[in-house]
Amino acid sequence: VLKQQSTVPVGGPQHHPASRADRHHSENGVPDGRTPIFPPPRRPSEAAKDPELDMVINIGRLRGGQLEQVRVDIEAVVDAARPAGALVKVIFENAYLTDDEKVNACHLAEQAGADFVKTSTGFAPGGATLSDLILMRANVGPIVQVKAAGGVRTLDTLLAMAAEGVTRFGATATATILADATERDTRGALRIPAPRSVDIGTPSG
């Protein structure tokens, strides 16, 4: 599977190439996490040959409170990925989750050893929002990275998200974002803004 992805262009796009379309990764459980983690003939050892594995959290189990089973699902992918040095990104599909469920998903992904938590697949009605990204960043430790996917259409949006600690972006507007970044960098105007003071509240329970 090939997808365009963007990285934060801090210090100029020449130092941080935003187009990652040459990087292969596997996707598991798309779109809602209900399919088997490694359906035949896609075995863990085969999937782990890819540099990155994207898996969708099992939304039904998460919303139904089967948190230990959700953690076990994620851990199975992580265990398959580790021997090959592959990164694991856990997709939440935030449009279908409450804030409490997003927080639970963050904790479960980290406990299972995931490398990234990611907002969405692109199949749901909504993508990344700044408030969701702040919530996710606040509920995983510094080792776990946050990826925004869906709704990242402008450089200003990307930079605002980067200010909140987002380190990876899925964007179909990569060419437009890169062109804007290059132009601003030429003028010496490419900067990440200060983080916003957003009150995300305290999830209940």
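This is a short talk about a predicted model of a protein and what its helices, strands and contacts look like.

Hi everyone, thanks for coming. Please keep in mind throughout that we are looking at a predicted model. Let me begin with the overall picture and then walk through a few places in it.

The protein has 205 residues, and 48% of them are buried. It holds seven helices and seven strands. Reading from the N terminus, those elements come in the order β-β-α-β-α-α-β-α-β-α-β-α-β-α. For the contacts, take those between residues with a separation of 6 or more: 70% of them link residues 24 or more positions apart. As for the outside, the accessible surface is about 9600 Å², and carbon and sulfur atoms own 53% of that.

Now to the inside. Which residues have the most contacts within the largest nonpolar core? They are I57, I74, V90, F92 and M161, in a core of 44 residues. As a general point, nonpolar side chains in soluble globular proteins tend to be buried together.

Let's follow some of those names. V90 sits in β4, which covers residues 87–91. Setting aside neighbours within four places in sequence, V90 touches M55, I57, I74, A109, A114, F116, V117 and K118. So two other names from that core list, I57 and I74, turn up among the partners of V90.

I74 takes us to helix α3, residues 67–81. This helix has 15 residues and spans 21 Å from its first C-alpha to its last, close to the 21 Å expected at 1.5 Å a residue. Its buried residues are V70, R71, D73, I74, V77, V78, A80 and A81. Here is a handy rule for looking at such a list: an α-helix has 3.6 residues a turn, so residues three or four places apart point the same way. With that in mind, have a look at V70, I74, V77 and A81, which are among the buried residues of α3.

M161, another of the core names, belongs to helix α6, residues 155–163. Buried there are L155, L158, L159, M161, A162 and A163. What about A160, in the same helix: buried or partly exposed? A160 counts as partly exposed because its relative accessible area is 23%, and buried would need under 20%. A160 still has partners from elsewhere in the chain: leaving out neighbours within four places, A160 is in contact with L130 and P193. The C-alpha atoms of A160 and P195 are 7.4 Å apart, although 35 residues separate the two along the chain. After α6 comes G165, with a positive phi near 100°.

On to the strands. V117, one of the contacts of V90, has V146 in β6 as its bridge partner. Strands β5 and β6 run parallel and are joined by three bridges. Why do we call β6 largely enclosed by the rest of the structure? Because four of the five residues in that strand, residues 145–149, are buried.

Next, some polar groups on the inside, which I thought this crowd would enjoy. E52 lies in strand β3, residues 52–56, and is buried, with 0% relative accessibility. Its side chain makes two polar contacts that I want to point out. One is with the side chain of K89, at 2.5 Å. The other joins E52 to the side chain of R168, at 3.1 Å.

A second glutamate to find is E93, in the loop between β4 and α4. E93 is buried at 1% relative accessibility. Its phi is positive, about 60°, although E93 is not a glycine. Which side chain makes a polar contact of 2.5 Å with the side chain of E93? That is T121, which lies in the loop between β5 and α5. T121 counts as buried, at 15% relative accessibility. The side chain of T121 also has a polar atom 3.0 Å from the backbone nitrogen of F123.

One last stop, towards the end of the chain. D180 is in helix α7, residues 174–186, and is partly exposed, with a relative accessible area of 26%. Its C-alpha lies 9.2 Å from that of L190, 10 residues apart along the chain.

To recap the polar part, E52 pairs with K89 and with R168, while E93 pairs with T121. Thanks for listening, and I'm happy to take questions.

How values were computed: Residues are numbered from 1 along each chain as its sequence is written. This is a predicted model: local features need pLDDT of at least 70, side-chain atom pairs count only at pLDDT 80 or more; totals for chains, interfaces and linings use all residues. Side-chain values use heavy atoms; hydrogens and water are left out. Helices (H or I, at least four residues) and strands (E, at least two) are DSSP runs, numbered from the N terminus. The expected span of a helix is 1.5 Å times one less than its number of residues. Buried means under 20% relative accessible area, exposed over 50%, partly exposed in between (1.4 Å probe, protein chains only). A nonpolar core is a set of buried Ala, Val, Leu, Ile, Met, Phe, Trp, Tyr and Cys residues joined through side-chain atoms within 4.5 Å. Contact means heavy atoms within 4.5 Å. A polar contact is a pair of N or O atoms within 3.5 Å; within protein, one must be able to donate a hydrogen and the other to accept it, and residues adjacent in sequence count only if both atoms are side-chain atoms. Accessible areas come from the Shrake-Rupley method with a 1.4 Å probe; for residues, only the protein chains shown count as cover. Two strands pair if DSSP finds at least two bridges between them.
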